Amino acid sequence: MITDSQGDEYTKKLLNNLFFCLQPIIREYEGVKINEYEILLREKKNQNFPKDEFEYLSQDNRRNEMLMAWSYSKIKRILELNSQWILWVNISPQQLTFKSTYLFLENLKKSRKNIKIEITEQLPNNRVVNKTKTIKCIADIKKLGYELALDDIGSGCNTLPFVLENIMQIKRVKLSLVPLRLLSQEATLLLIKFWKLVADEAKLEFVVEGIDSDSLNLLIASRGVKLQQGFLWQDQFKFFD
C-alpha cells in the first residue's frame, strides 16, 4: 500500500517534469502589443500536454493541492517578470470539485487584474460532477472577481447547451480548429460563422485557436474574427520551468 508520503514524493517527481508554456492570444489590430497569453501545461520530454500525468494529479484533493501550489509559484514568478501580462489559467471541471482549487483562486485574488480563468472541456472522472454543479462552480468563480472563458466549445463538457446556460457568467468562448481538420473548408467556415453569431448575440469575445499559417490567419480574419491563437506565432511563445 502506498503511504501519503510516498504519494507526495511521486507527485513531486511528476511536477518536476512539467513546465508552463505561454501561448499568445493575438488581437488583429495593427500596432497592438501582445500582452495576453494562455498558460499551457506541458511535459519537458516532448512539450506535449501531459494527459496521463494531469489525470493523476487531478484525481483527488491532495494531488490537486500540490499541483495548485506548484502552479501558484510559477504564476507569481511570471507576473514578477512582467506585471502587464494577462494570463488565462486553465481549470478542468474535475478540479472544480476540490477545495484546493478555490484556495488557489483565493490566493491569486490580489493578482486577478492579470488572471483570467478558462474552463476546459475535459470530461470529469468523478460521476458526482454534474452539469448543474459545474454551472454553480463557474458562478462562484465569477463572484471571486475573475473573468471566465469556456475553452474548446463544441467539445467534451462545453457543448452548445452548456455555453448557453453560462452566458451570463462568461466573457469569452474559444473554438479550436485542431479537432476539425477532417472537415472541408466550407464546413469549417460555416461552423466559425455559427459560433461567432452565438458570441456576438451574447456580447462575448470569440477566439479561434489552431491557426498555423498566414493564409488561415487571413481567411479567419476576413470572417470578422479578431482574436486568434496558434502555432503561427510560435516565435512569441514563452517558456517557464
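Helix α3 passes helix α4 in a right-handed crossing. This is a predicted model. Two topics follow: how α3 packs on α4, and an aromatic pair that joins α1 to α2.

**Packing of α3 on α4**

- Two packed helices are described by the angle between their axes and the distance between the axes.
- Helix α3 covers residues 61–81, and helix α4 covers residues 99–107.
- Their packing angle is about 20°, and their axes lie 8 Å apart.
- Angles under 35 degrees count as roughly parallel, so α3 is roughly parallel to α4.
- On the α3 side, the contact involves Asn61, Asn64, Glu65, Met68, Ser71, Tyr72 and Ile75.
- On the α4 side, the partners are Lys99, Ser100, Thr101, Phe104 and Asn107.
- By class, this contact of α3 with α4 has 6 polar, 4 nonpolar and 2 charged residues.

**Aromatic pairs**

- The structure holds 7 aromatic pairs.
- One of them joins tyrosine 10 and tyrosine 56, with ring centres 5.2 Å apart.
- The planes of these two rings stand at 90°, so the pair is edge-to-face; the cut-off for that class is over 60 degrees.
- The pair links distant parts of the chain, with its two residues 46 residues apart.
- Tyrosine 10 sits in helix α1 (residues 4–16), and tyrosine 56 sits in helix α2 (residues 51–57).

**Exposure of the two tyrosines**

- Partly exposed covers the range between under 20% (buried) and over 50% (exposed).
- Tyrosine 10 has a relative accessible area of 42%, so tyrosine 10 is partly exposed.
- Tyrosine 56 has a relative accessible area of 22%, so tyrosine 56 is also partly exposed.

Technical notes
Residues are numbered from 1 along each chain as its sequence is written. This is a predicted model: local features need pLDDT of at least 70, side-chain atom pairs count only at pLDDT 80 or more; totals for chains, interfaces and linings use all residues. Side-chain values use heavy atoms; hydrogens and water are left out. Axes are lines fitted to C-alpha atoms, for helices over the stretch in contact, and angles run from 0 to 180 degrees between N-to-C directions. Helices (H or I, at least four residues) and strands (E, at least two) are DSSP runs, numbered from the N terminus. Angles under 35 degrees count as roughly parallel, over 145 as roughly antiparallel, 65 to 115 as roughly perpendicular and the rest as oblique. A crossing is left-handed if the near helix is turned anticlockwise from the far one by less than a right angle, and right-handed if clockwise. Contact means heavy atoms within 4.5 Å. Ala, Val, Leu, Ile, Met, Phe, Trp, Tyr, Cys and Pro count as nonpolar, Asp, Glu, Lys and Arg as charged, and the others, Gly among them, as polar. Rings of Phe, Tyr and Trp (its six-membered ring) pair if their centres lie within 6.5 Å; planes under 30 degrees apart count as stacked, over 60 as edge-to-face and the rest as tilted. Buried means under 20% relative accessible area, exposed over 50%, partly exposed in between (1.4 Å probe, protein chains only).
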